[in-house]
Amino acid sequence: MQKPLMIPISLPHRLILVRHGETDWNREGRLQGGQDIPLNELGRQQAAEAAGRLRELVPDFAALDFIGSPMLRARETMDILRRELVLSAGEYRVDDRLRELTFGSWEGYTWRDVRKAEREQAQLRERDKWSFVPPGGESYFMLAERVRPVLAELKRETVIVSHGGVARAVLALVGAVPPQKAALVEIWQGKLLIVSGSTADWL
């Protein structure tokens, strides 16, 4: 099967990515995807830690643009982050295109569950995580094409509070990581992923 092409996008401004804090489903290793799972206590602490790192990175943080996923765990993270920075609650944009990668009928299951119930499909995904489409879900390539126009519309240095899958898609879109490897990158909670040009670093 021919691999879908990934055309890199050039960002004129620095982008600061924040993955939502931990949820109980994260802790249990369950596929969340499109499910609206709230933060747990550790997740709320991680959101506050991200705020401290942002204050350290950008002293004039109030001048940044803030955009969030509409999903509960991302909105909670954004609200905590802004509260810690003493910024007005709710005064940020929400973009539906920043929703997490959807896993379709696999959501709510652990990878062990999936490998047991749908062994062949799980093996296909292991061979090509970037292009594989779960039953009723979407691939990382599909997610990247959903996120691409969001990046193209950015006008200034921006903080995006979203999800692990979205961060992986961004890394591939800017050329920081080849697509096949982007699907495997660990995306930390409570830290900042700083994208500048075609490079990305953690703080």
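**Figure 1. R146 and E138 form a salt bridge.** In this predicted model, the closest N and O atoms of R146 and E138 are 2.5 Å apart. E138 counts as buried, at 11% relative accessibility.

**Figure 2. R148 and E145 are paired within helix α6.** The side chains of these two residues, R148 and E145, meet in a salt bridge with an N to O distance of 3.2 Å. Helix α6 covers residues 140–152, and R148 and E145 stand three residues apart in it, so about one helical turn separates them. R148 is buried, with a relative accessible area of 18%. E145, with 32%, is partly exposed. Elsewhere, salt bridges that share partners join D65, R93 and R156 into one network. Two members of that network, R93 and D65, appear in the next view.

**Figure 3. A salt bridge links R93 and D65.** The N to O distance between the side chains of R93 and D65 is 2.5 Å. R93 belongs to strand β3 (residues 93–94) and D65 to strand β2 (residues 65–68), so this pair ties together parts that are 28 residues apart in sequence. R93 is partly exposed at 42% relative accessibility, whereas D65 is buried at 14%. The count of salt bridges comes to eleven.

**Figure 4. R125 is buried and has no salt bridge.** R125 is placed in helix α5, which spans residues 119–127. The nearest side chain of opposite charge belongs to E126 and is 4.3 Å away. A salt bridge requires a side-chain nitrogen of Lys or Arg within 4 Å of a carboxyl oxygen of Asp or Glu, so R125 and E126, at 4.3 Å, do not form one. Leaving aside residues up to four places away in sequence, R125 touches F103, W106, W111, F132 and Y140.

**Figure 5. The largest pocket has a volume of about 550 Å³.** Its lining is made up of 28 residues, and R19, L31, F103, W111 and R168 are the closest to the pocket centre. Three elements, α1 (24–28), α5 and α7 (164–173), give two or more residues to the lining. The largest share, three residues, comes from α7. By class, the lining of the largest pocket holds ten nonpolar, nine polar and nine charged residues. Two residues from the previous view, F103 and W111, which R125 touches, are also among those closest to the centre of this pocket.

How values were computed
Residues are numbered from 1 along each chain as its sequence is written. This is a predicted model: local features need pLDDT of at least 70, side-chain atom pairs count only at pLDDT 80 or more; totals for chains, interfaces and linings use all residues. Side-chain values use heavy atoms; hydrogens and water are left out. Helices (H or I, at least four residues) and strands (E, at least two) are DSSP runs, numbered from the N terminus. Buried means under 20% relative accessible area, exposed over 50%, partly exposed in between (1.4 Å probe, protein chains only). Lys and Arg count as positive and Asp and Glu as negative; His and the chain ends are not counted. Contact means heavy atoms within 4.5 Å. On a 1 Å grid over the protein atoms alone, a cavity is a set of points where a 1.4 Å probe fits but cannot get out, and a pocket is an open set with protein on both sides within 12 Å along at least five of seven lines; lining residues have an atom within 4 Å of a point. Grid points are joined across faces, edges and corners, and a volume is the space filled by probe spheres set on the points. Ala, Val, Leu, Ile, Met, Phe, Trp, Tyr, Cys and Pro count as nonpolar, Asp, Glu, Lys and Arg as charged, and the others, Gly among them, as polar.
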